[in-house]
Amino acid sequence: MQAIAYGNVYVAQVAMGANPQQTLQAFREAEAYEGPSLILAYSHCIAHGFDLRYGMKQQALATASGYWPLFRFDPAMRKVGENPFRLDSPRPTIAFKDYAYNELRYRALALTRPTEAEELLRQAQAGVNEKYRSYEALASTPVVDGAAQ
C-alpha cells in the first residue's frame, strides 16, 4: 500500500501456486511499465514448517483464505480511463485458520498456549477480513477524468 500511495509505481501481489496466469501477467505488465515496478511474490520456505512438496498448494490456500490476495496496480490504466487497482482474487473461501494451521510457525503457539493462540487467530482473521474489504473498495473506486476518486 505504501508503494501504491506514490501513485506512479506499478505494484503487484502474486502467488504462482494460486494463479500462474495472474503471476505471468503481472511480470509482463511490470516489465512494460515506464517507471518503477514492485512485485510481491508469496515465497514459501522451510522455516514455515510444512512439507515443501506442497508449497504451491499452500500458496493457493494463502490466497483462498484472503491472507495473500492477488492484485495489480498499474498507474498507466488511468490514461485509458480505467481504475489502476485490479483485485485478481475472489473473496476468501476458507478461514485463515485453514491456511495458517498447515504451518508449524502458526500451529506452534496453539500447541503450547491454546487460549492465546485462539485470541490471536481471531484477531488475524479480523485483519484478513478488513484488508480484503479495503482492497475491494480500491478496486471499485470509480475513475473520473483519468484519476480514481
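Buried here means under 20% relative accessible area, exposed over 50% and partly exposed in between, computed with a 1.4 Å probe on protein chains only. The structure is a predicted model, in which local features need pLDDT of at least 70 and side-chain atom pairs count only at pLDDT 80 or more, while totals for chains, interfaces and linings use all residues. Residues are numbered from 1 along each chain as its sequence is written, and side-chain values use heavy atoms, with hydrogens and water left out.

With these terms in hand, the overall fold comes first. The protein chain holds six helices and six strands, where helices (H or I, at least four residues) and strands (E, at least two) are DSSP runs numbered from the N terminus. Read from the N terminus on, the order of elements is α-β-α-β-α-β-β-α-α-α-β-β. The C-alpha trace spans about 55 × 30 × 25 Å along its principal axes, and 36% of the 149 residues count as buried. Contact means heavy atoms within 4.5 Å; among contacts between residues at least 6 apart in sequence, 67% join residues at least 24 apart.

Helix α2 makes a good place to begin a closer look. Its 13 residues (residues 20-32) should span 18 Å at 1.5 Å a residue, and the end C-alpha atoms are indeed 18 Å apart, which agrees; the expected span is 1.5 Å times one less than the number of residues. The buried residues of α2 are Gln22, Thr23, Ala26, Glu29 and Ala30. Seen down the axis of α2, these buried residues fall within an arc of 130°, so they line one face of the helix; the arc is that of the directions from the helix axis to the C-beta atoms. The buried residues pack against four strands, namely β1 (10-14), β2 (37-41), β3 (71-73) and β4 (85-87). On the other side of α2, the exposed residues are Gln21, Arg28, Glu31 and Ala32. The N-terminal end of α2 is capped by Asn19, with a side-chain oxygen 3.2 Å from the backbone nitrogen of Gln21.

One of the strands just named, β3, contains Arg72. With 6% relative accessibility, Arg72 counts as buried. Its side chain makes a polar contact with the side chain of Asp88 at 2.7 Å. Such a contact is a pair of N or O atoms within 3.5 Å; within protein, one must be able to donate a hydrogen and the other to accept it, and residues adjacent in sequence count only if both atoms are side-chain atoms. Beyond its neighbours within four places in sequence, Arg72 is in contact with Tyr10, Val11, Ala12, Gln22, Gln25, Ala26, Glu29, Pro84, Phe85, Arg86 and Asp88. Pro75 belongs to the loop between β3 and β4 and is buried, with a relative accessible area of 9%. Leaving out residues up to four places away in sequence, Pro75 touches Gly7, Asn8, Val9, Tyr10, Tyr33 and Pro84. Pro75 and Glu34 are 41 residues apart in sequence, yet their C-alpha atoms are 9.8 Å apart in space.

Attention now turns to helix α3. In α3, the residues Gly55, Gln58, Gln59, Leu61, Ala62 and Thr63 are buried, and the buried residues of this helix pack against α4 (96-100). Met56 also sits in α3 (residues 55-64), but counts as partly exposed at 42% relative accessibility. Residues up to four places away aside, Met56 touches Met16, Gly17 and His44. In the loop between α3 and β3 lies Ser65, which is buried with a relative accessible area of 0%. The side chain of Ser65 reaches the backbone oxygen of Ala62 at 2.9 Å. Outside its neighbours within four places in sequence, Ser65 is in contact with Pro92, Ile94, Ala95, Phe96, Tyr99 and Val128. Also just after α3, Gly66 takes a positive phi of about 90°.

The last feature is a helix pair. Helix α5 (residues 104-112) and helix α6 (residues 114-139) pack at an angle of about 135°, with their axes 5 Å apart. That makes α5 oblique to α6: angles under 35 degrees count as roughly parallel, over 145 as roughly antiparallel, 65 to 115 as roughly perpendicular and the rest as oblique. The contact is made by Leu109, Ala110 and Thr112 of α5 together with Pro114, Glu116, Ala117 and Leu120 of α6. Axes are lines fitted to C-alpha atoms, for helices over the stretch in contact, and angles run from 0 to 180 degrees between N-to-C directions.
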